Amino acid sequence: MHLENAMTIAVPVDRVWELTIDIERWPTLTPTILSVERLDDGELRIGSSARVRQPRMPLAVWTVTELEPLSRFVWEARILGSRFVGGHHLTATSDGTQNTLTLDVNGWTAGLLSLAAGSAMRQAIATENEGFRRAAASSERPGSEQPR
């Protein structure tokens with residue numbers, strides 16, 4: 001199963017990147033992430049992992065597998081017998097940043113998950129992308145403050 005949501009966010013790519021790698025802040029950006037607990041210290045890097053709680057999903061440990069600053073962040077987890085791979089792909093455009101979120105699910109439960117929850121997962125990544133857009137846009141307004 002492959003899900004994808006692309007959205008242009010009218011801010012520079014470095015601002016969207018800041019939000020992307022600040023994973024512990026994600027619960028303030030979207031209702032699809034209830035909590036994120038880093039399991040290591042320092043900057044996010046390949047091999048970094050975090051415990052992530054999401055609605056209607058088991059608690060999962062996600063591990064960063066790809067990280068290209070200002071461009072790509074990919075991590076994966078084993079959930080319900082399948083391998084989940086979540087990607088954040090950023091491209092600078094004349095209008096700001098093309099933010100593309102992807103979710104690939106492979107494994108013996110992928111087909112069942114696609115039938116049972118594919119629509120909800122598609123809506124979840126769209127909601128997440130909208131959360132990134134709102135946070136990036138509000139942080140670009142003079143005098144705006146973002147909670148940490």
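Modeller: A nonpolar core is a set of buried Ala, Val, Leu, Ile, Met, Phe, Trp, Tyr and Cys residues joined through side-chain atoms within 4.5 Å. This model is predicted.

Biologist: Which residues have the most contacts inside the largest nonpolar core?

Modeller: They are Ile-23, Trp-26, Trp-62, Phe-73, Trp-75 and Phe-84, in a core of 34 residues. Helix 3 (residues 110-140) gives the largest share of this core, 7 residues.

Biologist: What is Trp-26 in contact with, leaving aside neighbours within four places in sequence?

Modeller: Its partners are Leu-19, Thr-20, Ile-33, Phe-73, Trp-75, His-88 and Phe-132. Contact here needs heavy atoms within 4.5 Å.

Biologist: Why is Thr-100 called buried?

Modeller: Buried means under 20% relative accessible area. Thr-100 has 14%, so Thr-100 is buried. This residue lies in strand 7. Beyond four places in sequence, Thr-100 touches Glu-4, Asn-5, Ala-6, Gly-87, His-88 and His-89. The C-alpha atoms of Thr-100 and His-88 are separated by 5.9 Å, at 12 residues apart along the chain.

Biologist: How do you know that strand 1 and strand 7 pair?

Modeller: Pairing takes at least two bridges. Strand 1 and strand 7 (residues 96-107) have 8 bridges, in the antiparallel sense, so the definition is met. Asn-5 stands opposite Leu-101 in strand 7.

Biologist: What makes strand 1 (2-9) and strand 2 (35-38) edge strands?

Modeller: Each pairs on one side only. The open sheet has 7 strands in the order 1-7-6-5-4-3-2, with antiparallel pairing. Its neighbouring strands are turned by 20° against each other on average, direction ignored.

Terms used
Residues are numbered from 1 along each chain as its sequence is written. This is a predicted model: local features need pLDDT of at least 70, side-chain atom pairs count only at pLDDT 80 or more; totals for chains, interfaces and linings use all residues. Side-chain values use heavy atoms; hydrogens and water are left out. Helices (H or I, at least four residues) and strands (E, at least two) are DSSP runs, numbered from the N terminus. Axes are lines fitted to C-alpha atoms, for helices over the stretch in contact, and angles run from 0 to 180 degrees between N-to-C directions. Buried means under 20% relative accessible area, exposed over 50%, partly exposed in between (1.4 Å probe, protein chains only).
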